[in-house]
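Subject: Structure handover

Hello,

As promised, here is the structure for you to load. My notes on what turned up in it follow below.

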Amino acid sequence: MECCALAREAEEPPGSPAVPAEEPQDGQPAGTPPAGQERDRSRRGAGPQDPPGRAARGRGRRAPSRRGGEEGGRAARRPRVTVDSSKAKTSLEALKISLRQLRWREFPFGRRLPCDIYWHGISFHDNDIFSGQVNKFPGMTEMVRKITLSRAVRTMQDLFPLEYNFYPRSWILPEEFSLFVAEVRMMKGSDPSWKPTFIVKPDGGCQGDGIYLIKDPGDIRLTGSIQSRPAVVQEYICKPLLVDKLKFDIRLYVLLKSLEPLEIYIAKDGLSRFCTEPYQEPTLKNLHQVFMHLTNYSLNIHSGNFIHSDNVNTGSKRTFSSILCRLSSRGADVKKLWSDIISLVIKTIIALTPELKVYYQSDIPAGKPGPTCFQILGFDILLMKNLKPMLLEVNANPSMRIEHEQELSPGVFENVPSPVDEEVKVAVIRDTLRLMDPQKKKRKDTQCQSSDPVSEAKEEVWGAGPASSPGQDTAPEAALPSLCLKQVFPKYAKQFSSLRLLDRVAALFIRFLGVKGTTKLGPTGFRTFIRNCKLSSSNFSMASVDILYIDITRRWNSVGIDHKESGMCLQAFVEAFFCLAQKKYKSLPLHEQVALLIYFCEYQLAALDEKRPVCGRGIVERRSAVVPCQADGLHLTPAAQTPLLSRTATASKFADDGSHRC
Ligand code: ADP
């Protein structure tokens with residue numbers, strides 16, 4: 001069966017749709033194109049989306065390898081990467097085009113055997129996937145909800161206020177309503193010329209759903225059906241950058257390739273979504289004009305002024321690169337703008353990773369074979385008049401639709417291709433797949449072992465992974481455009497390593513979680529943390545430890561969304577950790593207090609691990625014992641980039657200093 005499949009595969013003409021040849025799918029005879037593919041084939045065929053040079057190769061024949069027939073034959077037998085697209089939902093169309101360009105094998109109805117890659121449209125389902133790679137991280141959807149994201153960024157703002165000033169001041173409703181009122185009153189008192197506007201966004205909402213603007217905290221609708229939902233209220237950015245007198249925002253695609261080690265890529269191009277009414281600063285009269293203030297495509301499409309773009313430089317949805325060109329021609333420093341955007345993206349992901357790691361170890365605990373995860377995120381960014389980028393939100397499931405609805409006659413709609421969406425989104429999906437190519441990874445691993453300088457040089461040229469061999473049919477790198485995704489982390493890791501304190505706090509938290517599969521720390525785990533890190537003292541008894549645990553845990557559980565598990569969540573642990581740090585290292589800035597306490601705890605735990613070495617394990621493994629080892633894909637090592645020795649040296653200084661006892 002496998003042989004036949006491979007033989008049939010070798011006969012497939014380049015550019016033919018990726019039809020499952022190996023096994024019938026859901027009663028469909030093998031080789032029958034799944035629904036939609038015929039239409040696809042006739043519509044797109046070997047069209048502009050196909051890699052250059054494909055048509056020239058002719059049908060039904062493979063281009064002979066430059067290295068001769070035997071080698072070419074061997075390359076052709078290499079199995080193609082398999083992709084399960086059965087849960088791709090609205091990203092299916094763009095995924096199909098990408099797979100055709102890559103000549104990978106699509107399984108639109110799933111597959112009995114495991115696939116290399118599972119492409120899910122909504123969120124991580126760990127059901128029955130035990131291997132390969134899934135394009136969603138567990139917990140990502142929860143992490144980027146408006147309230148959770150606000151909380152995560154705010155914690156980072158507490159630690160590094162200047163580094164995290166790219167996110168508007170925000171409050172969480174209803175729990176912080178009084179705080180919101182009090183802070184606004186205070187700020188108005190100290191600056192009477194301040195005439196703010198606020199934007200209220202329901203938690204879990206999307207596409208502008210339920211959003212409204214207010215001038216006064218008293219205008220918040222705390223009662224009523226939709227409006228009484230938990231929400232974030234945020235300072236409204238009144239002076240956005242305008243193009244053609246219109247407000248617009250940017251949707252950038254970011255690939256989180258791996259959580260540990262952290263790897264981030266940014267797509268070189270994104271989309272700009274325009275309002276459809278000329279912008280005016282908010283006044284009581286225009287507050288409700290959504291086509292003026294909200295850039296959501298889903299809202300503005302209903303405006304009579306909406307212009308469908310037939311090229312990428314005009315209309316209500318354009319490429320971001322076209323905006324950059326325009327700004328550059330006006331003399332703007334677009335290099336600085338890009339670098340600010342890259343910083344914003346890296347810092348935001350740094351704010352999200354600690355909790356994502358907790359979700360990860362819970363869903364894919366050490367010992368479970370897999371899968372490993374990657375994810376495309378949609379970053380919504382607003383440019384201020386002075387070109388400062390501000391983060392609006394992060395989407396775990398950004399729309400990958402490449403078609404839009406058009407009203408042909410009143411009430412009659414048809415889906416028509418959207419060239420702007422297609423240009424940007426197909427490239428993002430295709431190049432994400434290229435970066436995740438499991439065969440490339442295997443080749444890279446082999447190369448690492450043999451350390452071949454020629455392949456390393458090729459890799460430099462491509463900037464991401466080794467290039468394919470000439471004549472190889474499964475991944476025709478040479479025939480594809482250069483990657484649209486640019487690595488930004490670890491490339492710029494050095495600049496950001498000092499911000500990754502909470503990853504190390506999360507590593508401590510995970511160590512004491514105990515039973516695999518949980519995300520919350522019980523009272524015993526917390527006590528063990530305190531004891532093992534030698535944080536209790538005559539001033540801070542174990543009874544006080546219990547009170548601290550109960551106080552903080554109760555408060556977080558009353559506001560949290562996850563009531564399934566009892567115990568202390570990571571945010572609560574972080575709050576307790578800050579509290580301990582402030583107690584122990586008084587009168588220093590918070591981030592220094594926290595850094596010192598992390599060093600101290602890591603030092604104590606390393607010393608403890610040294611005392612009880614596990615039989616047969618070497619020093620390297622004991623060093624990384626601060627965090628439990630994880631299954632493939634999340635090799636948790638101490639989160640800090642700082643070498644252990646320098647950290648322990650610093651920590652020992654503080655451990656000796658009696659004045660720092662709790
Ligand atoms: P949704 O998920 O519902 O789209 P967003 O947070 O993206 O919610 O907000 C919707 C739109 O509102 C944005 O696209 C943007 O145009 C506008 N917006 C959101 N927050 C702000 C803000 N703080 N200042 C100015 N405009 C904002």
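Two strands count as paired if DSSP finds at least two bridges between them. With that rule, five strands of this predicted model form an open sheet with parallel pairing, in the order β2-β1-β3-β4-β14. At its edges stand β2 (105-107) and β14 (372-373); each has a single partner strand, so one side of each is left without a neighbour in the sheet. Inside the sheet, strand β3 (residues 117-120) and strand β4 (residues 133-134) run parallel and are joined by two bridges. One residue pair to look up there is I117 and its bridge partner in β4, Q133. Helix α12 (residues 419-436) packs on this sheet, where it touches β3 and β4, and its direction makes about 150° with that of β3.

While you are at α12, please look at S418, which sits in the loop between β18 (412-417) and that helix. Is S418 buried or exposed? Its relative accessible area is 4%, and the cut-off for buried is under 20%, so S418 counts as buried. The side chain of S418 makes a polar contact of 2.5 Å with the side chain of D421. Leaving aside residues up to four places away in sequence, S418 touches I402, E403 and H404.

Now to the other sheet I looked at. Four strands form an open sheet in the order β5-β8-β6-β7, and here the pairing is antiparallel. The edge strands are β5 and β7 (212-214), each of which pairs on one side only. From one strand to the next, the twist averages 25°.

Strand β8 (residues 231-235) is a good place to start in this sheet. It is mostly covered, with four of its five residues buried. Strand β5 (residues 170-173) runs antiparallel to β8 and is joined to it by four bridges, while strand β6 (residues 198-202), also antiparallel to β8, is joined to it by five bridges. Which residues stand opposite V232 of β8? From β5 it is I172, and from β6 it is K201. A further pair links S170 to its bridge partner Q234 in β8.

Two helices go with this sheet. Helix α6 (residues 146-159) lies across β5, β6 and β8, running at about 135° to β5. Helix α7 (residues 177-190) packs on the sheet and touches β5, β6 and β8, with its direction at about 150° to that of β5.

K201 comes up again at the ligand, which may be the part you want for your own work. How many residues surround the ligand? There are 24, and the closest are K201, G208, T295, N296 and E393. Three of these have polar side-chain atoms with computed distances to ligand oxygen atoms that you may want to check:

- T295: an N or O atom of the side chain is 2.6 Å from an oxygen atom of the ligand.
- N296: a polar side-chain atom lies 2.7 Å from an oxygen atom of the ligand.
- E393: an N or O atom of the side chain is 2.5 Å from an oxygen atom of the ligand.

Next, the nonpolar interior. In soluble globular proteins, nonpolar side chains tend to be buried together. In this model, the largest nonpolar core has 108 residues, and those with the most contacts inside it are I264, F379, F526, F529, F573, F577 and V594. Helix α11 (residues 334-363) supplies the largest share of this core, 13 residues. For a closer look, take V594: not counting residues up to four places away in sequence, it touches L159, L501, V505, F577, F578 and A581. A second, separate core has 33 residues, including Y253, A427, I429 and L485.

Finally, some totals for the protein chain. Its secondary structure comes to 22 helices and 19 strands. Of its 662 residues, 53% count as buried. Among contacts in the chain with a separation of 6 or more, 69% are between residues 24 or more positions apart.

Happy to go through any of this with you whenever it suits.

Best wishes

Technical notes:
Residues are numbered from 1 along each chain as its sequence is written. This is a predicted model: local features need pLDDT of at least 70, side-chain atom pairs count only at pLDDT 80 or more; totals for chains, interfaces and linings use all residues. Side-chain values use heavy atoms; hydrogens and water are left out. A nonpolar core is a set of buried Ala, Val, Leu, Ile, Met, Phe, Trp, Tyr and Cys residues joined through side-chain atoms within 4.5 Å. Buried means under 20% relative accessible area, exposed over 50%, partly exposed in between (1.4 Å probe, protein chains only). Contact means heavy atoms within 4.5 Å. Axes are lines fitted to C-alpha atoms, for helices over the stretch in contact, and angles run from 0 to 180 degrees between N-to-C directions. A residue is near a molecule or strand if one of its heavy atoms lies within 4 Å of it. A polar contact is a pair of N or O atoms within 3.5 Å; within protein, one must be able to donate a hydrogen and the other to accept it, and residues adjacent in sequence count only if both atoms are side-chain atoms.
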